[in-house]
Protein chains: 2
Amino acid sequence: MAARAGVSVKTVSNVINGAAVGAGTRERVQQAIADLGYRPNISARNLRRGRTGILALAVPELDQPYFAELARLIVDTADEHGYTILIDQTGGGDRREQYVIDGMGAKLVDGVIFSPVAMDRLDIARRVDTTPLVLLGERVSAGPADHVAIDNVAAARTATAHLAGLGRRRIAAIGAQPDRVQGTSHMRERGFRAALEEAGLPVEESLIVPAREYHRRDGAEAAAYLTELEEPPDAVFCFNDTLALGAMRTLHDRGYRIPQDVAVVGFDDIDDGRYNVPSLTTVSPDKAGIARSALRLLLDRIEAIDSPPREVTVRHELRVRESSGVTSRRSRAT
Amino acid sequence: MAARAGVSVKTVSNVINGAAVGAGTRERVQQAIADLGYRPNISARNLRRGRTGILALAVPELDQPYFAELARLIVDTADEHGYTILIDQTGGGDRREQYVIDGMGAKLVDGVIFSPVAMDRLDIARRVDTTPLVLLGERVSAGPADHVAIDNVAAARTATAHLAGLGRRRIAAIGAQPDRVQGTSHMRERGFRAALEEAGLPVEESLIVPAREYHRRDGAEAAAYLTELEEPPDAVFCFNDTLALGAMRTLHDRGYRIPQDVAVVGFDDIDDGRYNVPSLTTVSPDKAGIARSALRLLLDRIEAIDSPPREVTVRHELRVRESSGVTSRRSRAT
């Protein structure tokens, strides 16, 4: 471009960055910029500030559609801001999560959006690395860093109340993780229990089924256990959609009609549930809102490293579909 | 660790890297290593060589379960080799793919595994960046770089022949991309056409349905078109599983029984298809084999930048499930 405009590289840089340059020179450079289809980006400015223009997104599992869908939204939102997102799949383990909060290699990324599983509030609070960090999810809440989440207790209460409102009386839950005293599963179980109490239903511990992971196979196994109870449930609230999709497969295989015999509600509103037969009633977190909020907090943090941590709660809603509502075989996916 | 063993950092480094050190010293260092639970990693060696220990995986879409499942396998395989994988979701566009083949920011990554959509053989051949590069998929085949793929023509022919072997006579295809003269869709269509000819069936152009993207909604739309034909098909080969899952939803909504009225075959063998009702017959590429081969080629390339490019073809197999075979409502997912 400098050659095309017949000026030095330094002069091009001055024009782009708005420094003082003669009017004729500015015009030649701007014409060269237009001719070459140059896309203004922030990398030159970043490099001057010792930045890379790269942000990291660290999530436990990309083959959980919730994280894959969220990753796409965060990548696209960052791209609009001129940032590249690189995604680190941590597997939720200590070693790889420690690497994330230690800054993922010095000078590599300008900031990190992190959905922790193993790292807790204390781990985050005592990190020495100063890479700007925004936390997602429920593992670590208000305190040591900027944080974006939905109200998981309220969401689980709404989902369970929906099942109670259909007249279901033996409502099961799939996805408890009794060894985790905080985090997503804990909050969803709290909401589930609260809704049963509000509906005047007994909390039967045998109907609260643990799941080590949240994949389809875990849901399928949990549903198998439920169908073998002396008195199987007439509704199941699954703590995510993939658990629900696995559970529905098992219920189908064992001759249960959904929702007539067992109503099913999931959590996440992934694409899979919308097209499933039956389509899946689910809690829909505002994933685009999570992506936007996380990016905004992180970009603000990069500019003002010492400001106090902020807390953003993103909205959610219940999407009622065939697995708990519409029963016509020919109804369309919504 | 050096302090614990009472030696210099240099001495610890010598022990770890197998250099000459006195026997007593070596023992003290090794004991300190054991006491501290030190995990040997390659980062110190990498830093000496000007490497970061980080590899990139660039894929078009993470919310395609195929890429999410492949990403998990590649991340885990790289971790076994002491490398961190960061994932770049390119969206398949020119600008973000150009960034990938330009090395993703100088000195950032030691190598790239790249599944291109927009970049073609010429783009790859004329790159000036020297970051080691391994290509996945069918967009760019043998030639400019190391390359891992399955035989897509053969796989599509097997899938289509399976449908013809069931006695189906009006076999449709969903997923054609007539404006792309190379790549996955092109090769799967070639295999589809070849199988029809081998089975003595006419190739009806109206039964070859394009799909701009390969998501469920695209499959649902294509199936809607097929059901509105004067003579709808009795079988559909979808060029990936998410197209098939979307198509099956529409077929169900319009009263078609699967497989009795329309048999359906997909491609990729994603978890979703295994648990769907009906479970989905599909071409199963050896994803773990792709991950292992890609890593091996890339690590070899990092060591020997000038060796000639290699080509690896990974195996695939057809997994027959309910959507084209087993029809019992109570059969189990496999």
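A:Ser324 turns up in the segment that follows strand β12 (316-319) of chain A. In this predicted model, the residue is tucked out of reach: A:Ser324 counts as buried because its relative accessible area is just 4%, and the cut-off is under 20%. Who are its neighbours? Leaving aside residues up to four places away in sequence, A:Ser324 touches A:His162, A:Leu166, A:Pro259, A:Ala263, A:Val264, A:Val265 and A:Thr281. With one of these, A:His162, there is also a polar contact, side chain to side chain, at 2.7 Å.

How far can chain A be trusted overall? Its mean pLDDT is 87, and 82% of its residues reach 70 or more. Two stretches deserve some caution, though. Residues 36-42 of chain A have a pLDDT below 50, and beyond near neighbours in sequence this stretch has 10 contacts in the model. Over residues 328-334 of chain A the pLDDT is also below 50, with 20 contacts counted in that way. Where pLDDT is low, the predicted coordinates should not be read in detail.

Then there is the matter of empty space. Searching the whole structure for cavities of 30 Å³ or more gives one hit, and the volume of the largest cavity is about 30 Å³. Its lining is made up of B:Ala223, B:Leu226, B:Thr227, B:Pro232, B:Pro233, B:Leu251, B:Tyr256 and B:Val262. Helix α10 (residues 216-227) of chain B supplies the largest share of that lining, three residues. Sorted by class, the lining has seven nonpolar residues, one polar residue and no charged ones.

Key:
Residues are numbered from 1 along each chain as its sequence is written. Chains are lettered from A and ligands numbered from 1 in the order in which they are written. This is a predicted model: local features need pLDDT of at least 70, side-chain atom pairs count only at pLDDT 80 or more; totals for chains, interfaces and linings use all residues. Side-chain values use heavy atoms; hydrogens and water are left out. pLDDT is the predictor's confidence in each residue, from 0 to 100. Contact means heavy atoms within 4.5 Å. On a 1 Å grid over the protein atoms alone, a cavity is a set of points where a 1.4 Å probe fits but cannot get out, and a pocket is an open set with protein on both sides within 12 Å along at least five of seven lines; lining residues have an atom within 4 Å of a point. Grid points are joined across faces, edges and corners, and a volume is the space filled by probe spheres set on the points. Helices (H or I, at least four residues) and strands (E, at least two) are DSSP runs, numbered from the N terminus. Ala, Val, Leu, Ile, Met, Phe, Trp, Tyr, Cys and Pro count as nonpolar, Asp, Glu, Lys and Arg as charged, and the others, Gly among them, as polar. Buried means under 20% relative accessible area, exposed over 50%, partly exposed in between (1.4 Å probe, protein chains only). A polar contact is a pair of N or O atoms within 3.5 Å; within protein, one must be able to donate a hydrogen and the other to accept it, and residues adjacent in sequence count only if both atoms are side-chain atoms.
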